[in-house]
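Hi,

Here is the structure I promised to pass on. Have a look at it first, and then read my notes below.

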Amino acid sequence: MWDSIETPTLHFSDEQEQLLKVATSFARAKFPLEQVRARIAAAADFDRVVWNEMAALGWLGIAVPEAFGGSGLGLAEVVAIAEPLGRHLAGTPLVSTTLVGQALVSAGTEAQQRAWLPKICEGAVGALALAEPHGDWNLEHLTGKATEQRDMLALSGDKTFVTDAASADIALVSVSLHGAPALVLLDRAMLAGAEIERESVIDETRRSCRIKLDGI
């Protein structure tokens, strides 16, 4: 039996506290409940004007190295922004775009980093295509596949719960290549060759899509 359980406390630095205050004020002003409800019926995936304002504040490049136009900070600073946005049901691609950027920082080629990280800082939208219809997160059970055809890769399979797929400038897709997990980077021109279907999900403030990779 436990005599007592200590509850962990999250401590912010002064810089993180300032980011949290600014993001909280921003979320309150830009995402009042009536606007959140209106977004459910809106045609667009998200409000581009607000997204551009977030880019102008430097939020999209917080965890991107300074050499590529970012602030060179870390994910802890991103959390200080994402938390109040999430609390106010802000339907933006901040999380997926940040994770695509971090994947590029960690594993992208130099050419991919030069091409995409500055664009992400400026407002390019990133999407994550990782989930599949079977719902299994085991990377050894990927039905999405990439097959080499001369100097190209041919993709096949379906991806589900891809938020903002129709608006994405870049998408990170998990596939099986030579029997091992791999990540493929698709730009908007490549995504144009995919069949994208809107999915019905519980949270209709976000646009969730199914992508059919066949033909890419």
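Let's start with tryptophan 59, which is buried because its relative accessibility is just 4%, below the 20% cut-off. Please keep in mind throughout that this is a predicted model.

So what does tryptophan 59 pair with? A search of the whole structure turns up two aromatic pairs. In one of them, the ring centres of phenylalanine 26 and tryptophan 59 are 5.0 Å apart and the planes sit at 75°, so this pair is edge-to-face; the angle has to be over 60 degrees for that label. Phenylalanine 26 belongs to helix H1 (residues 14–30), while tryptophan 59 is in the loop between helix H3 (48–56) and helix H4 (75–87), so the pair ties together parts that are 33 residues apart in sequence. Phenylalanine 26 is buried too, at a relative accessible area of 10%.

Another tryptophan to click on is tryptophan 116: lysine 119 lies over its face, 4.8 Å from the ring centre.

Next, the residue I'd spend some time on: lysine 159. You'll find lysine 159 in strand S4 (residues 158–163). Is lysine 159 buried or exposed? With a relative accessibility of 0%, lysine 159 counts as buried. What do its polar atoms meet in there? The side chain of lysine 159 makes a polar contact of 2.9 Å with the side chain of glutamate 132. A polar atom of the lysine 159 side chain also lies 2.7 Å from the backbone oxygen of serine 174. If you leave aside neighbours within four places in sequence, the residues in contact with lysine 159 include Ala129, Leu130, Leu142, Val173, Cys209, Ile211 and Leu213.

Cys209 in that list brings me to the cysteines. Cysteine 209 is buried at 6% relative accessibility, and cysteine 121 is buried as well, with a relative accessible area of 11%. How many disulfides are there? The count comes to zero.

Strand S4 also holds phenylalanine 161. Unlike buried lysine 159, phenylalanine 161 counts as exposed, at 53% relative accessibility. Its backbone deserves a look: phi is positive, at about 55°, although the residue is not a glycine. Arginine 150 has a positive phi as well, about 60°, and is not a glycine either. Arginine 150 sits in the loop between strand S2 (145–149) and strand S3 (152–156), and its relative accessibility of 86% makes it exposed.

Now for the helices. Helix H5 covers residues 94–107, and at 1.5 Å a residue its 14 residues should span 20 Å; the C-alpha atoms at its ends are 20 Å apart, so the two agree. Which residues of H5 are buried? Among them are Leu94, Ser96, Thr97, Val100, Gly101 and Leu104.

Helix H4 contains alanine 76, which is partly exposed with a relative accessible area of 40%. From the C-alpha atom of alanine 76 to that of glycine 91 is 21 Å, with the two residues 15 apart along the chain.

If you only have a few minutes, I'd go to lysine 159 with its 2.9 Å contact to glutamate 132, and then to the edge-to-face pair of phenylalanine 26 and tryptophan 59.

Cheers

Definitions and conventions:
Residues numbered from 1 in each chain as written. Predicted model: local features only at pLDDT ≥ 70, side-chain atom pairs only at ≥ 80, totals over all residues. Heavy atoms only, no water. Helix = DSSP H or I, 4+ residues; strand = E, 2+ residues; numbered from the N terminus. Expected span 1.5 Å × (residues − 1). Buried < 20%, exposed > 50% of the residue type's maximum accessible area, 1.4 Å probe, protein only. Phe/Tyr/Trp six-rings, centres within 6.5 Å; stacked < 30°, edge-to-face > 60°. Lys NZ or Arg CZ within 6 Å of the ring centre and 35° of its normal. Disulfide = S-S within 2.5 Å. Polar contact = N/O pair within 3.5 Å; in protein donor to acceptor, adjacent residues only side chain to side chain. Contact = heavy atoms within 4.5 Å.
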